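These are my notebook entries from reading one structure. I looked up open and enclosed space, cysteines, one buried charged residue and some backbone angles.

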Amino acid sequence: MDVRHLQYFLETAKRRSFTKAAEALHVTQPTISKMIRTLEEELGVELFDRSSRQIVLTDAGEAVLAQAQQIVRSVQQLSVQLGDVVSMRKGQIRIGLPPMIGAPFFPELIAAFHRLYPGIGIRLIEEGGRTVEQEVENGSLDLGVAVLPVDPLKFDQFAFVKEELRLVVHKEHRLANRKSVRLAELSREPFLMFQEDFTLYERIPQACIQAGFKPDIIYESSQWDFLSAMAGAGLGVALLPETICRRLDPAKVVDITLVSPSIMWHLAMIWRKDGYLSFAAREWLRFSREWLFEPER
């Protein structure tokens, strides 16, 4: 059954005339008659009593009328809603953000996007970078921010920041007056580290092992401000990105250039390779790429 059959039936029932229904729908009268006859054959009932000059609905026609009105309204509403989605007036985007990434980069971006597309909801899920990758891959998230590199066979991406990690210590720490510190010089320091689901949880210990020691991790957290506060209390050292270090209280901590080796913090927006992206998600990618600026462009 084609929805047009129901639309032609409703117009005919409204006007009680095949000819007037044809004029209203801008089709020929035989077309209307054929459509109604096809519908009657499919349903196995007569919908109109054609014995008088002005056609009237049969009992079966009255029963079909109520259902047809509901079906056509639903189809019309669906068309409107799809139109809203296609034109980005409605929708929802699920975005995964590691906690230390959200505050420096995204509040103004999200506000600007919301002003442009107020009908699109953005659901932010705060997880570590490794968890974000897993949930983008399995479809729980539409998009996410991760620390590069990521598997190019699984994800498409655009990069938007590339920084080095800096050493954060208490202002009275023995290294506080240094302009740079070699990673090996931290071999006897207690480390304040991000939790296991963060990419840096693996990245930092790997760099330490390459520098000749295994870091003594005394505390793990998902919050960069708590790690910096712990460093400010003299409980250990933390390695944090430059963007985060610019937000720290210089009265409590000092951030120092880390060398030999430096540890990179390279961020990218990622999405599942060959996966479906909604109209809203694709517009978010376009908008955020322009907003955040892609260094490689």
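The entries below record what I looked up, topic by topic.

**Entry 1. The model**

I note at the outset that I am working with a predicted model.

**Entry 2. The largest pocket**

I began with empty space, since rolling a probe the size of a water molecule over the atoms shows where it is left. How much space lies in the largest pocket? I found about 200 Å³ there.

I then listed the residues that line this pocket: R130, E133, Q134, V147, P149, T199, E202, R203 and Q206. Two helices, α7 (129-137) and α8 (199-210), each supply at least two residues of the lining. Which element gives the largest share? I found that α8 does, with 4 residues. Sorted by class, the pocket lining has 4 charged, 3 polar and 2 nonpolar residues.

**Entry 3. The largest cavity**

Next I turned to enclosed space. I counted 1 cavity of 30 Å³ or more. The largest cavity holds about 40 Å³. Its lining consists of P98, M100, I101, G129, V147, F198, T199, L200 and W265. The elements that give two or more residues to this lining are α5 (99-105) and α8.

How many charged residues does the cavity lining have? I found no charged residues, but 7 nonpolar and 2 polar ones. For the pocket, I had written down 4 charged residues. I also noticed V147 in both lists, as it lines the largest pocket and the largest cavity. T199 likewise appears in the pocket lining and in the cavity lining.

**Entry 4. Helix α7**

Having met α7 at the pocket, I looked up which of its residues are buried. They are G129, T131, V132, E133 and V136. A general rule is useful here: an α-helix has 3.6 residues a turn, so residues three or four places apart point the same way. The buried residues of α7 pack against β3 (91-97), β5 (143-147), β6 (155-170), α8 and β12 (264-272). Two of these buried residues recall earlier entries: E133 lines the largest pocket, and G129 lines the largest cavity. After the helix comes G139, whose phi is positive, near 90°.

**Entry 5. Cysteines**

A disulfide is a covalent bond between the sulfur atoms of two cysteines. How many disulfides does the structure hold? I found 0. I then asked why C208 is not bonded to C245. The sulfur of C208 is 16 Å from that of C245, its closest cysteine sulfur, and therefore too far for a bond. C245 is accordingly in no disulfide, with the sulfur of C208 as its nearest.

Are these cysteines buried or exposed? C208 is buried, at a relative accessible area of 0%. C245 is buried too, at 6%.

**Entry 6. E189**

I looked up E189, which lies in the loop between β7 (180-182) and β8 (190-194). Is E189 buried or exposed? It counts as buried because its relative accessibility is 10%, and buried means under 20%.

What does the side chain of E189 make polar contacts with? One partner is the side chain of H173, at 3.1 Å. Another is the side chain of R174, at 2.9 Å. Setting aside neighbours within four places in sequence, I recorded contacts of E189 with H173, R174, D216 and V237.

**Entry 7. Backbone angles**

Most residues other than glycine have a negative phi, and most peptide bonds are trans. I therefore searched for departures from this general pattern.

Which bonds are cis? A cis peptide bond joins L148 and P149, with omega about 5°. P149 is in the loop between β5 and β6, and it also lines the largest pocket. The bond from S260 to P261 is cis as well, with omega near 0°. P261 sits in the loop between β11 (253-259) and β12.

For positive phi outside glycine, I noted H26, at about 60°. H26 lies in the loop between α2 (18-25) and α3 (29-43), and at 73% relative accessibility it counts as exposed. I noted D274 also, with a phi of about 65°. D274 is placed in the loop between β12 and α11 (279-292), and it is exposed, with a relative accessible area of 77%.

Terms used
Residues are numbered from 1 along each chain as its sequence is written. This is a predicted model: local features need pLDDT of at least 70, side-chain atom pairs count only at pLDDT 80 or more; totals for chains, interfaces and linings use all residues. Side-chain values use heavy atoms; hydrogens and water are left out. On a 1 Å grid over the protein atoms alone, a cavity is a set of points where a 1.4 Å probe fits but cannot get out, and a pocket is an open set with protein on both sides within 12 Å along at least five of seven lines; lining residues have an atom within 4 Å of a point. Grid points are joined across faces, edges and corners, and a volume is the space filled by probe spheres set on the points. Ala, Val, Leu, Ile, Met, Phe, Trp, Tyr, Cys and Pro count as nonpolar, Asp, Glu, Lys and Arg as charged, and the others, Gly among them, as polar. A disulfide is a pair of cysteine sulfur atoms within 2.5 Å. Buried means under 20% relative accessible area, exposed over 50%, partly exposed in between (1.4 Å probe, protein chains only). A polar contact is a pair of N or O atoms within 3.5 Å; within protein, one must be able to donate a hydrogen and the other to accept it, and residues adjacent in sequence count only if both atoms are side-chain atoms. Contact means heavy atoms within 4.5 Å.
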